[in-house]
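Here are some worked exercises to try with the model open beside you. Attempt each task before you read its solution.

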Amino acid sequence: RVAGLDDLPALHALIESAYRGDSARAGWTYESDLLSEDRTSLEELAGIVRDADKRILVAERDGAVVGCVEVAREGEGVGYFGMLTVDPRRQAAGLGKLLIAAAEREAAQAFGATRMVLAVVDKRPELIAYYERRGYAATGEVRPFPAPEAIPLDLLIYGKAL
């Protein structure tokens, strides 16, 4: 389902636990060895929810938020997904694949996307391999990592036809 403003505290807690918290070490999204800043903020999440060209899809189990993914219009006919998050205790059970498929459907239906792109940190070969197994291929585009920290990271852009 599409997230609303009431979902933001639970989403924020989930995202931080999956990317930055000690519990994230159990999963594949852990980035604290590379970055120390928060992954996101309540304000950033609210901005996504309020933007007509963006949304967050939420996965729930037994009433608890266990996963999410951001979907956005990247350009004419192009969708974007990012912030793919699965509770670290539930990773490697197929929920990530389901969220990616939901993001692709949402981009096609809501934004008329015929192509989907994502950005992955260049220092995360296991994530790159994961997306390649889902049909995504390097586009050759490299973007600077938007972090205040002086860390040599780049974002590699991957894409696939929908």
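**Exercise 1. Find how many residues the largest nonpolar core has, and which have the most contacts inside it.**

Step 1. The model is predicted, so local features need pLDDT of at least 70 and side-chain atom pairs count only at pLDDT 80 or more, while totals for chains, interfaces and linings use all residues. Residues are numbered from 1 along each chain as its sequence is written, and side-chain values use heavy atoms, with hydrogens and water left out.

Step 2. Collect buried Ala, Val, Leu, Ile, Met, Phe, Trp, Tyr and Cys residues joined through side-chain atoms within 4.5 Å; such a set is a nonpolar core. Buried stands for under 20% relative accessible area, with a 1.4 Å probe and protein chains only.

Step 3. The largest core has 25 residues, and Val69, Phe81, Leu84, Tyr131 and Tyr136 have the most contacts inside it.

Step 4. Now assign the core to elements, which are DSSP runs numbered from the N terminus: helices are H or I with at least four residues, strands are E with at least two. At least two residues come from each of strand 1, strand 2, strand 3, helix 3, strand 4 and helix 4. Helix 3 gives the largest share, 7 residues.

Step 5. Zoom in on Val69, taking contact as heavy atoms within 4.5 Å. Leaving out residues up to four places away in sequence, Val69 touches Arg55, Ile56, Leu57, Phe81, Gly82, Met83, Leu84, Leu99 and Ala103. Apart from the largest core lies another of 15 residues, including Ile56, Val58, Val65 and Met83.

**Exercise 2. Describe helix 3 and what its buried residues pack against.**

Step 1. Helix 3 covers residues 95-111, 17 in number, and spans 23 Å from first C-alpha to last. That is close to the 24 Å expected at 1.5 Å a residue, where the expected span is 1.5 Å times one less than the number of residues.

Step 2. Its buried residues are Leu95, Gly96, Leu99, Ile100, Ala102, Ala103, Glu104, Glu106, Ala107 and Phe111. They pack against strands 1, 2, 3, 4 and 6, and against helix 4.

Step 3. Just after helix 3, Gly112 has a positive phi of about 65°.

**Exercise 3. In what order do the strands of the sheet lie, and which stand at the edges?**

Step 1. Count two strands as paired if DSSP finds at least two bridges between them. The 6 strands form an open, mixed sheet in the order 1-2-3-4-6-5.

Step 2. Strand 1 (54-61) and strand 5 (137-144) are the edges; each has a single partner strand, so one side of each lacks a neighbour in the sheet.

Step 3. Strands 1 and 2 run antiparallel, joined by 8 bridges, and Glu60 has Val65 as its bridge partner in strand 2. Their hairpin has 2 residues between the strands, and Asp62 takes a positive phi near 50° there.

Step 4. Strand 3 (residues 78-86) and strand 4 (residues 115-121) run parallel, with 3 bridges joining them. Val78 has Arg115 as its bridge partner in strand 4.

**Exercise 4. Summarise the whole protein, starting with how many helices and strands it has.**

Step 1. There are 4 helices and 6 strands, running α-α-β-β-β-α-β-α-β-β from the N terminus.

Step 2. Of the 162 residues, 47% are buried.

Step 3. Among contacts between residues at least 6 apart in sequence, 60% join residues at least 24 apart.

Terms used
Buried means under 20% relative accessible area, exposed over 50%, partly exposed in between (1.4 Å probe, protein chains only).
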